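I opened my notebook and went through this structure one stop at a time. Here is what I looked up, in the order I looked.

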Amino acid sequence: MNPNAMAAVPLVSVVIPTYNRAATLAVAIRSVLGQTEQDFEVIVADDASTEDNESVVASFRDSRVKYVRRSLNGGDAAARNDGIRHSRGRYVAFLDDDDQWFPEKLSCQLAEFDREGPGVGLVYTARETFFAATGRSKALAAGGDVEAQLRWFRITTSTVMVPRETIERVGLFDERILYCSDYDMWIRIFLAGYRLVGVDRPLIRYFVHGNALSGNPHKIIAGEETILRKHADFFAEDPNSLSHLYLNVGVLYCSVGDPRKGRRALAKSLKLRPRLSALAHFVLSLGGARIYQSVGTGRAFFRKVLSS
């Protein structure tokens, strides 16, 4: 079938937010075009890049691949929302501009929606994490307790497909959240009474590299603290995961030179669940930012957090 002669309303809209990643963007788009399920459109939502992403999109010469551009940089939530507004599909799937899909990703998720029936608001998959610095990879499973997957931030955006009617009910991504706006959305879908279903098969390749948004600790801190405030009751139901989140925030504060706020978060972590790691970081932070950073423990832990 001619890919340019698909039905007027596609089955799936693939939203790819992008910002200054022209090289990886092309690979991401190519992984969509290589899907076994071909009834889709691709909306590349450019968040005011300085690179010529429009030419990258035009080079594919496929009418299913569309380009929209923001005049001002607004963050990944704003770009995804623009992509959703320009999309038409019955389902919306998300792909970050530096990740890749395996060929059966869309078809497996659509089959899961058909198999599970009404009431499913989100289908996600396992992932293969590739570490650019070392060339190594590992799998992150998608099975088990969905609430645990949410509380431990293990549902990766590039694995997710959502029915359009679900988004229309719970609303778009919260553009005030500069990091973790995706988890805010997944939690809202869950709290609205929808079922979340995981396909425990790695169907995407998720890249960890120095140019990723997750390399900005200030955004991580702001995002995680917003999530904790916005969904306090949800996280409070599991003291273990809440303790882990406060540990992450505390370590990040110490790593960026604010041990006072770091100790405050670490103290909350210890109160919820005493653990040696939180205690070690708390004690180390007492020496001040210079000592904490010179020891290197904070940076090592930071890398471990980002790779989890």
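**Entry 1: a tryptophan**

I started with tryptophan 101, which counts as buried because its relative accessibility is 4%, and the cut-off for buried is under 20%. I should say right away that this is a predicted model. Tryptophan 101 sits in strand β5. I then checked its spacing to glutamine 35: the two are 66 residues apart along the chain, yet their C-alpha atoms are separated by 8.1 Å.

**Entry 2: strand β2**

Next I went to strand β2, residues 40-46. How many of its residues are buried? I got 7 of 7, so the strand is mostly covered. I also sorted the side chains by direction. Phe40, Val42, Val44 and Asp46 point one way, while Glu41, Ile43 and Ala45 point the other way. Both sets are buried. That fits what I was taught: side chains in a regular strand alternate between the two faces of the sheet.

I wanted to know what β2 pairs with. Strand β1, residues 12-18, runs parallel to β2, and the two pair over 7 bridges. Across this pairing, proline 17 stands opposite alanine 45 of β2.

**Entry 3: salt bridges**

I reminded myself that side chains of opposite charge can pair when their charged atoms come close. The structure holds 22 salt bridges. I picked out a few of them.

My first pick was glutamate 41 with arginine 88, where the closest N and O atoms are 3.2 Å apart. Glutamate 41 belongs to strand β2 and arginine 88 to the loop between α3 (76-85) and β4 (91-94), so the pair ties together parts that are 47 residues apart in sequence. I looked up the cover on each partner too. Glutamate 41 is buried because its relative accessible area is 1%. Arginine 88 has a relative accessible area of 40%, so I wrote it down as partly exposed.

My second pick was aspartate 96 with arginine 80. Their closest N and O atoms are 2.8 Å apart. Aspartate 96 is in the loop between β4 and β5 (100-101), and arginine 80 is in helix α3, 16 residues apart; the pair links distant parts of the chain. Are these two buried or exposed? Aspartate 96 is buried, and arginine 80 is buried as well.

My third pick was arginine 85 with glutamate 175, whose side chains meet at 3.8 Å, N to O. This pair also links distant parts of the chain: arginine 85 is in helix α3, while glutamate 175 is in the loop between α6 (164-170) and α7 (181-191), 90 residues apart. Arginine 85 counts as partly exposed because its relative accessibility is 49%. Glutamate 175 is partly exposed too, with a relative accessible area of 34%.

Then I asked which residues are linked in a network of salt bridges. I found Asp47, Arg70, Asp82, Arg85 and Glu175. So my third pick belongs to that network, as Arg85 and Glu175 are both in it.

**Entry 4: surface patches**

After that I turned to the surface. Arg260, Lys261, Arg264 and Lys268 form a positive patch. I looked closer at arginine 260, which lies in helix α11, residues 259-272. Its relative accessibility is 61%, so it counts as exposed.

I noted a nonpolar patch as well. Leu276, Leu279, Val283 and Leu286 make it, and its area is about 420 Å². Valine 283 lies in helix α12, residues 276-285. At 47% relative accessibility, valine 283 counts as partly exposed.

**Entry 5: positive phi values**

My last stop was the backbone. Most residues other than glycine have a negative phi, and I went looking for exceptions.

Alanine 48 is one of them, with a positive phi of about 60°. It is found in the loop between β2 and α2 (53-58). At 15% relative accessibility, alanine 48 counts as buried.

Phenylalanine 153 also has a positive phi, near 55°. I found phenylalanine 153 in the loop between α5 (146-151) and β8 (161-163). Its relative accessibility is 18%, so it counts as buried.

Note on methods. Residues are numbered from 1 along each chain as its sequence is written. This is a predicted model: local features need pLDDT of at least 70, side-chain atom pairs count only at pLDDT 80 or more; totals for chains, interfaces and linings use all residues. Side-chain values use heavy atoms; hydrogens and water are left out. Patches are made of residues with over 30% relative accessible area and no salt bridge: like charges are joined within 9 Å, nonpolar side chains (Val, Leu, Ile, Met, Phe, Trp, Tyr) within 5 Å. Accessible areas come from the Shrake-Rupley method with a 1.4 Å probe; for residues, only the protein chains shown count as cover. A salt bridge is a side-chain nitrogen of Lys or Arg within 4 Å of a carboxyl oxygen of Asp or Glu. Lys and Arg count as positive and Asp and Glu as negative; His and the chain ends are not counted. The place of a charge is taken as NZ of Lys, CZ of Arg, CG of Asp or CD of Glu. Helices (H or I, at least four residues) and strands (E, at least two) are DSSP runs, numbered from the N terminus. Buried means under 20% relative accessible area, exposed over 50%, partly exposed in between (1.4 Å probe, protein chains only). Two strands pair if DSSP finds at least two bridges between them.
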